[in-house]
Amino acid sequence: MANTYKMTIAGLERELPICPVSDKLDIAAFVMFSDVEVTVASAAELLKKCPDFDIILTAESKGIPLAFEMARQSGKSYVVARKSIKLYMSEPVEVEVKSITTANVQKLYLAAEKAELLRGKKVLIVDDVISTGESLKALETLTQAAGGNIAAEAAVLAEGDAADRDDIIFLEKLPLFFK
């Protein structure tokens, strides 16, 4: 049996697979895709903790189920920052991001018409896991470039040192596993 980390997320028990990031570090992989029960429960619990907002912003792709469900439950809209420019995107705003779960520097893009949805709005930035904070920084930059105001930043899990931050909203702490 694979090495796992057992935890409770929004009142639901899950076993997360332990995955190597480097020869000195492993992480417990949290993937909301296909776990509708955790997605619905996490969205409800996060919405209870979040301040008033007008619109939700997340990065492609693991934050999408959470952003969708939070939008559905709150009746507000959501916007997805994409990892590549699509043919239908006009005048995209671009920022760089380096995540703990991605080998290379990536870019996030927001089409001009999506950026306009953020202008002057209270933006709730959401993601599945906050770890190094690099994805958040990229979403903050996109929000500012679009003329939006950050209402709060929220995630289901805060990993490692992120769990010590007092400027983010999260449901549970997720440890890092050092070898």
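A crossing of two helices is called right-handed if the near helix is turned clockwise from the far one by less than a right angle, and left-handed if anticlockwise. That wording comes in handy for the first close-up, and the model in all of these views is a predicted one.

**View 1. Helices H1 and H2 make a right-handed crossing.** Here the two helix axes come within 9 Å and cross at roughly 60°. Angles that are neither under 35 degrees, nor over 145, nor from 65 to 115 count as oblique, and H1 and H2 are therefore oblique to each other. On the H1 side, the contact is made by Thr-39, Val-40, Ser-42, Ala-43, Ala-44, Leu-46 and Leu-47. H2 brings Pro-65, Leu-66, Glu-69, Met-70, Gln-73 and Ser-74 to that contact. Sort the residues of this contact by type and you get 8 nonpolar, 4 polar and 1 charged.

**View 2. Ala-44 sits in helix H1.** We've just met this alanine as one of the residues in the contact with H2. Is Ala-44 buried or partly exposed? Its relative accessibility is 25%, so it counts as partly exposed. Look also for Ala-10: the two alanines are 34 residues apart in sequence, yet their C-alpha atoms are 8.6 Å apart in space.

**View 3. Glu-69 belongs to helix H2, which covers residues 64-74.** This glutamate has a relative accessible area of 6%, and anything under 20% counts as buried, so Glu-69 is buried. Leaving aside residues up to four places away in sequence, Glu-69 touches Thr-39, Val-40 and Ala-43. Those three turn up among the H1 residues of the contact in View 1, too.

**View 4. Several residues of H2 are buried.** Besides Glu-69, they are Pro-65, Leu-66, Ala-67, Met-70 and Ala-71. What covers them? The cover includes helix H1 along with strands S4 (55-59), S5 (77-81), S8 (122-130) and S9 (149-159). Just after the helix comes Gly-75, and its phi is positive, near 80°.

**View 5. Five strands line up in an open, parallel sheet.** Follow the order S5-S4-S8-S9-S10 and you've walked across it. S5 and S10 (169-174) stand at the edges with a single partner strand each, so one side of each has no neighbour in the sheet. On average, and ignoring direction, neighbouring strands are turned by 25° against each other. S4 and S8 run parallel and are joined by 3 bridges; one pair to look for is Ile-55 with its bridge partner Val-123 in S8. Two helices pack on this sheet. H2 touches S4, S5, S8 and S9, and its direction makes about 170° with that of S4. H4 (residues 134-145) also touches S4, S5, S8 and S9, with its direction at about 165° to that of S8.

**View 6. Strand S9 is largely enclosed by the rest of the structure.** How many of its 11 residues are buried? The count is 8. Its parallel link to S8 is made by 8 bridges, and in one of them Asp-127 has Ala-155 of S9 as its partner.

**View 7. Glu-153 is part of strand S9.** With a relative accessibility of 4%, Glu-153 counts as buried. Not counting residues up to four places away in sequence, its contacts are Leu-124, Ile-125, Leu-136, Glu-140, Arg-165, Asp-167, Ile-168 and Ile-169. Take Ile-169 from that list: from C-alpha to C-alpha, Glu-153 and Ile-169 are 6.2 Å apart, with a separation of 16 residues in sequence.

**View 8. A second open sheet has 4 strands and antiparallel pairing.** Strands of a sheet pair through backbone hydrogen bonds, either parallel or antiparallel. The order in this sheet is S1-S2-S3-S11. At its edges are S1 (4-9) and S11 (176-178), each pairing on one side only. Neighbouring strands here are turned by 30° against each other on average, direction ignored. S3 (residues 25-28) pairs with S11 over 3 bridges in the antiparallel sense, and Leu-25 stands opposite Phe-178 of S11. Helix H1 (residues 36-49), back from View 1, lies across S1 and S2 (12-20) and runs at about 110° to S2.

Terms used: Residues are numbered from 1 along each chain as its sequence is written. This is a predicted model: local features need pLDDT of at least 70, side-chain atom pairs count only at pLDDT 80 or more; totals for chains, interfaces and linings use all residues. Side-chain values use heavy atoms; hydrogens and water are left out. Two strands pair if DSSP finds at least two bridges between them. Axes are lines fitted to C-alpha atoms, for helices over the stretch in contact, and angles run from 0 to 180 degrees between N-to-C directions. Contact means heavy atoms within 4.5 Å. Buried means under 20% relative accessible area, exposed over 50%, partly exposed in between (1.4 Å probe, protein chains only). Ala, Val, Leu, Ile, Met, Phe, Trp, Tyr, Cys and Pro count as nonpolar, Asp, Glu, Lys and Arg as charged, and the others, Gly among them, as polar.
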